[in-house]
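Student: Please take a close look at one part of this structure and explain how it is placed. I would like one connected account.

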Amino acid sequence: MVHRASASHIGSALSMSDIAAVLFGNIMKFDAKRVKWEGRDRFILSKGHACAAVYAVLAALGFFEYSELDAFGADHSAFMTHISHKVPGVEFSTGSLGHGLPFGVGKALAAKKQGNTWKTFVLLGDGELDEGSNWEAAMFASHHRLDNLIAIIDYNKLQSLDTVAHTLALEPLSSKFEAFGWSVKELNGHDHRILAEALFELPWENGKPSVLIAHTTKGKGVSFMENSVAWHYRSPTKEQLEAAFLELG
Amino acid sequence: MRNAFIDELTALAKVHPHIALVVGDLGYSVVEPFADLFPDRFINAGVAEQNMTGLAAGMASEGYHVFTYSIANFPTFRCAEQIRNDVDYHRLPVTIVSVGGGLAYGSLGYSHHAIQDYALMRTLPNMLIAAPGDPMEVRSCLRYLIDNPGPAYLRLSKAGEPNIHCAMPEVAPGRWLKLYEGRDHEQALVCTGAGAQVAMRWHMNVGVGRQERSIFSVPLWSMKTKRLQRDLLNKFKKITTIEDHLVDGGFGSWMLEASVLASNGNEALDCRIIPVALDASVCDTVGSHELLNTVGGLSSAALFID
């Protein structure tokens, strides 16, 4: 769909595809036939540019037909190339970075106040952590003991122009979150078994929000896209698409 | 006005359990009645307006009607994108409340002068501006916003403004409320927010006989209601708008656009609109509320501009 729409951000989508697959496939509660079921877990994609991965997962789970993905990026389509709440199963539109975590904090706070047990998952990019709004939300979430909130950082070490380390160094990222009062785990963001085990039982510590720092590879699975800033922007040609499919099997 | 706000909001919260108040570490000696009665629905988000607005949107998406509260430009410009994307685009019931609209915080300086806020809010397609002219209008606007939940911006002055209405008026978006019935049926003064206080003060000062235009207050207005102004504009030959905001992007500018839209494809309106608003020179001046309004051009002389 990214090829058909001549869209960008395929590298970002491949980076988080395994996380999305595990979250929707093994962890979160939802009902694809009752999209607004009140007991569902809430998922917020804060790095909205990587929405192709989420749309694909939602189609696979029956939120809508696969054929609807043909409208990705098309005129008058609900399937904008930044995630859109007009697509069934999507809670919140993003696109500008640093919006997902504060919104998720509001959902988690509401759930606590209403005595609801569903959880809020927010998936963020690493470059996105440059935005101060995330750290405002991080401080608020721990102060209010929002242990029903889980942030997942897609830590592929690349941002829009350069590496994260060369742009604004995030390290020590784990210690930063710990200092903000979060419970932290760091693991391989492409290993389904490890991801599922880590997220199976939440929260990791009562009274603390959880953050999973998932080490990932931008463009994962397609050798010529992996670890390349260019694939933040490029759209695959027909030949590149075929080569990518061959590699992904 | 801020006292009427908290009094009315507290009364409404008694019967509407979904009302929540989120403040940006401001509201000392104002918000306590609400906080004391509803500690579970009162949240101090700290000095962090982006998160305050984002989390308000998140709570609103789960059934709350959230009021964010701060002063001057902090709950608006500081978190403009959260208002645009999270609140307005998702059409969520979040009312952004700013105290100190216009030049009410005169001597505190430019950072505290909210004189471009209408311009920001006017450009958001789902946003309703609530700019009451007196404490009665504050109460009416609040009741309207609770009954008609959606993105809204409530702009308040400070405290001590006298009531103009003797009872709570019936407000609706785009509706003009008559404050004074003049004998001159060709001209009118049309105000929003604290502009109504300015107009009524001028009116009292110049004396009966000299100021015979009717005076209206328009406390609720928005992008959508601009198209509802034709019939109102059609009744007059000359309308002077009054507001404590820069002319650019303000209420008078909105009215001018309304008159152009009303003329498009229709018979041209025979109504001149003269916006009386603050001059940008006020941005470089510090002083009392009254002094700044005068420097900015809201003096009685402005009432008689042709």
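**A strand of chain B**

Tutor: In this predicted model, the side chains of strand S3(B) fall into two sets: B:His65, B:Phe67, B:Tyr69 and B:Ile71 point one way, B:Val66, B:Thr68 and B:Ser70 point the other way, and all are buried. The general pattern behind this is that side chains in a regular strand alternate between the two faces of the sheet. Because seven of the seven residues of S3(B), residues 65-71, are buried, the strand is largely enclosed by the rest of the structure. A residue counts as buried here if 20 or more other C-beta atoms lie within 10 Å of its own.

The pairing of the strand comes next. Strand S1 of chain B, residues 19-23, runs parallel to S3(B) and is joined to it by five bridges. Within that pairing, B:Tyr69 of S3(B) has B:Val23 opposite it. S3(B) also pairs with strand S4 of chain B, residues 94-99, in the parallel sense, and six bridges connect these two strands. Here the bridge partner of B:Tyr69 is B:Val97 in S4(B). Between S3(B) and S4(B) the chain passes through helix H4 of chain B, residues 80-88, and the resulting β-α-β crossover is right-handed.

B:Tyr69 may thus serve as a point of reference when viewing the strand: B:Tyr69 is buried and points the same way as B:His65, B:Phe67 and B:Ile71, stands opposite B:Val23, and has B:Val97 as its bridge partner in S4(B).

Conventions: Residues numbered from 1 in each chain as written. Chains lettered and ligands numbered in written order. Predicted model: local features only at pLDDT ≥ 70, side-chain atom pairs only at ≥ 80, totals over all residues. Buried ≥ 20, exposed ≤ 12 C-beta atoms within 10 Å, placed from the backbone. Helix = DSSP H or I, 4+ residues; strand = E, 2+ residues; numbered from the N terminus. Pairing = 2+ DSSP bridges. Right-handed = clockwise from strand over helix to strand, strands pointing away.
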